[in-house]
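Biologist: I'd like to learn how to read a model like this one feature by feature. Can we go through it together?

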Amino acid sequence: YTSQPILAQGVLTFEDVMKFDDIGATVLSANGDWVAYSVWPDRGDGEVRVKSINGRSTYAIELGDNPRITRTGAWVGALRKVPLAIQLGSKKNKPRQGFSLLNTSSGRISNVDDVRSFAFSNDGNWVAIHHYQTKEIEDLKSKNKKLGTESIIRNLSSGDDISIPFVRAMAFDSLSGYLAY
């Protein structure tokens with residue numbers, strides 16, 4: 001304990017506070033080897049940071065948000081937000097978020113555009129990518145508001161994709177043997 005007063009290095013300003021990054025959406029892989037979290041400033045573009053617990057590997061998914069990690073830690077998925085400058089400049093035809101998929105072994109990131117949501121199977125072998133409605137279908141002004149959209153089911157081992165049209169909702173069963181849609 002010291003009776004000496006502690007002097008501040010400077011005054012904390014509003015501008016300083018605006019430079020703070022918000023850390024959120026933190027996830028840990030089931031095997032405990034990987035952690036992923038979103039880092040976003042108050043105004044501007046952020047990213048998802050992915051780190052191995054042993055400190056050997058660190059990756060960033062630009063514009064990423066809401067990360068998820070497969071049970072094995074082999075893959076990290078994140079929704080890819082639209083850059084702020086593009087959001088502010090678009091009055092009509094608003095741009096849509098996408099999806100980024102990181103292979104934690106190689107560091108390779110693949111991107112998919114116009115993605116509403118995604119989900120990994122519990123065994124970590126599959127990812128289901130649910131797209132937004134295409135512009136062509138939206139332009140038809142269909143009276144059927146429950147018309148589904150395309151979903152892509154990707155085998156993460158082989159990279160093969162299966163396209164399923166007109167999906168409203170989807171989910172893997174707990175043993176990853178089936179996909180309901």
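Biologist: Let's start with charges. Which side chain meets R49 in a salt bridge?

Modeller: The general idea is that side chains of opposite charge can pair when their charged atoms come close. Keep in mind that this is a predicted model. Here R49 meets E47 in a salt bridge, with 2.6 Å from N to O. R49 itself is partly exposed, because its relative accessibility is 29%.

Biologist: How many salt bridges does the structure hold?

Modeller: Three. Another one joins R80 and D113, whose closest N and O atoms are 2.5 Å apart. That pair links distant parts of the chain: R80 sits in strand 6 (residues 75-80), while D113 is in the loop between strand 8 (109-112) and strand 9 (115-120), 33 residues away.

Biologist: Are R80 and D113 buried or exposed?

Modeller: One of each. R80 has 15% relative accessibility, so R80 counts as buried. D113 is at 54%, so D113 counts as exposed.

Biologist: And which residue forms a salt bridge with D161?

Modeller: R154, with the closest N and O atoms 2.7 Å apart. R154 is buried, at a relative accessible area of 15%, whereas D161 is partly exposed at 41%.

Biologist: On to backbone angles. What should I look for in phi?

Modeller: Look at the sign. Most residues other than glycine have a negative phi, so a positive value elsewhere is worth a glance. In this model A25 has a positive phi of about 50° although it is not a glycine. You'll find A25 in strand 1 (residues 21-28), and A25 is partly exposed with a relative accessible area of 34%.

Biologist: What is phi of F166 near?

Modeller: Near 55°, again a positive value in a residue other than glycine. F166 lies in strand 12 (residues 161-167). With 54% relative accessibility, F166 counts as exposed.

Biologist: Now the sheets. What is the strand order in the open sheet of four strands?

Modeller: To read a sheet, follow the strands from one edge to the other. The order here is 9-10-11-12, with antiparallel pairing. Strand 9 and strand 12 are the edges, each pairing on one side only. Ignoring direction, neighbouring strands of this sheet are turned by 20° against each other on average.

Biologist: Over how many bridges do strand 10 and strand 11 pair?

Modeller: Five, between strand 10 (residues 126-131) and strand 11 (residues 149-155), in the antiparallel sense. You can check the register residue by residue: I129 stands opposite I152 in strand 11, and H130 has S151 of strand 11 as its bridge partner.

Biologist: Why is strand 11 described as largely enclosed by the rest of the structure?

Modeller: Because six of its seven residues are buried.

Biologist: What joins strand 11 to strand 12?

Modeller: Five bridges, and the two strands run antiparallel. In that pairing, I152 has S163 in strand 12 as its bridge partner. So I152 is a handy residue to click on: I129 stands opposite I152, and S163 is a bridge partner of I152.

Biologist: How many residues lie between strand 11 and strand 12 in their hairpin?

Modeller: Five, and G159 in that turn has a positive phi of about 85°. Compare that with A25, whose positive phi belongs to a residue that is not a glycine.

Note on methods:
Residues are numbered from 1 along each chain as its sequence is written. This is a predicted model: local features need pLDDT of at least 70, side-chain atom pairs count only at pLDDT 80 or more; totals for chains, interfaces and linings use all residues. Side-chain values use heavy atoms; hydrogens and water are left out. A salt bridge is a side-chain nitrogen of Lys or Arg within 4 Å of a carboxyl oxygen of Asp or Glu. Buried means under 20% relative accessible area, exposed over 50%, partly exposed in between (1.4 Å probe, protein chains only). Two strands pair if DSSP finds at least two bridges between them. Axes are lines fitted to C-alpha atoms, for helices over the stretch in contact, and angles run from 0 to 180 degrees between N-to-C directions.
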